[in-house]
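Q: I have a structure open and would like to go through it with you. Can we start with charged side chains and work outward from there?

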Amino acid sequence: MQSFRLLVLALGLQSVAGFRVGSQACAKEDQAARALVQNTLAGICEEMCKDVGSYPEGCTCPGYVDTTDKTPGELTWEELLTYQSDLVAWGKEQRKSDAKMSVLQHKARIPESQ
């Protein structure tokens, strides 16, 4: 009788240990399935926000950054500084192209008319 109890106890412990391994495997599969669904929905999340009217201010999609102009028609300091930096870069490029054109003009000889 004692050996029977030990056998039942051993089988019970083995099934509990097997349940834990199975449970962990199920949890991993569940997590993978959830990640797949979430990744699938991430692509259409912004479209859903547009459909329900919470786009762009109330959109809470993962990885979404609101890039709309908060001050339409007004120039902010950040926009002004960006514009000035772009203008400086454009001016430098313009000077380079003008210098190249000047060199070409000096090399070209225009025949004098008689």
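Q: Is E47 buried, partly exposed or exposed, and what is its relative accessibility?
A: E47 counts as partly exposed, at 44% relative accessibility. Keep in mind that this is a predicted model.

Q: Which residue does the side chain of E47 meet in a salt bridge?
A: K50. The N to O distance is 3.8 Å.

Q: How many residues apart are E47 and K50?
A: Three, and both are in helix 1, so about one helical turn separates them.

Q: And K50, buried or exposed?
A: Neither: K50 is partly exposed, with a relative accessible area of 42%.

Q: Why would two side chains like that pair up at all?
A: Side chains of opposite charge can pair when their charged atoms come close.

Q: How many salt bridges are there in the whole structure?
A: A search of the whole structure gives three. Another one joins the side chains of R34 and D30, at 2.9 Å from N to O.

Q: Where do R34 and D30 lie?
A: Both are in helix 1, which covers residues 2-52. R34 and D30 are four residues apart, about one turn of the helix.

Q: How exposed is R34? And what about D30?
A: R34 is exposed, with a relative accessible area of 56%. D30 is partly exposed, at 37%.

Q: What does K96 form a salt bridge with?
A: With E93. The closest N and O atoms of that pair are 3.8 Å apart.

Q: Which helix are K96 and E93 in?
A: Helix 2, residues 77-107. K96 and E93 are three residues apart there, so about one helical turn lies between them.

Q: What are the accessibility values for K96 and E93?
A: K96 has 51% relative accessibility and counts as exposed. E93 has 49% and counts as partly exposed. The cut-off for exposed is over 50%, so the two residues get separate labels.

Q: Changing topic. Which residues form a nonpolar patch on the surface?
A: V37, L41, I44 and M48. Together they have about 330 Å² of accessible area.

Q: Where is V37, and how exposed is it?
A: V37 is in helix 1. It is partly exposed, with a relative accessible area of 48%.

Q: Now cysteines. How many disulfides are there?
A: The count comes to zero.

Q: Remind me, what is a disulfide?
A: A disulfide is a covalent bond between the sulfur atoms of two cysteines.

Q: Why is there no bond between C49 and C59?
A: The sulfur of C49 has its closest cysteine sulfur in C59, and the distance is 3.1 Å. A disulfide needs the two sulfur atoms within 2.5 Å, so this pair is too far apart for a bond.

Q: Are those cysteines buried or exposed?
A: C49 is buried, at 10% relative accessibility. C59 is buried too, with a relative accessible area of 10%.

Q: What share of the protein chain is made up of buried residues?
A: Buried residues make up 5% of the 114 residues.

Q: How much surface does the protein chain expose?
A: About 10,700 Å². Carbon and sulfur atoms supply 60% of that area.

Q: Last one. How many helices and strands does the protein chain have?
A: Two helices and zero strands.

How values were computed: Residues numbered from 1 in each chain as written. Predicted model: local features only at pLDDT ≥ 70, side-chain atom pairs only at ≥ 80, totals over all residues. Heavy atoms only, no water. Buried < 20%, exposed > 50% of the residue type's maximum accessible area, 1.4 Å probe, protein only. Areas by Shrake-Rupley, 256 points an atom, 1.4 Å probe, with all protein chains shown as cover. Salt bridge = Lys/Arg side-chain N within 4 Å of Asp/Glu carboxyl O. Patch = residues over 30% accessible without salt bridge, like charges linked within 9 Å, V, L, I, M, F, W, Y side chains within 5 Å.
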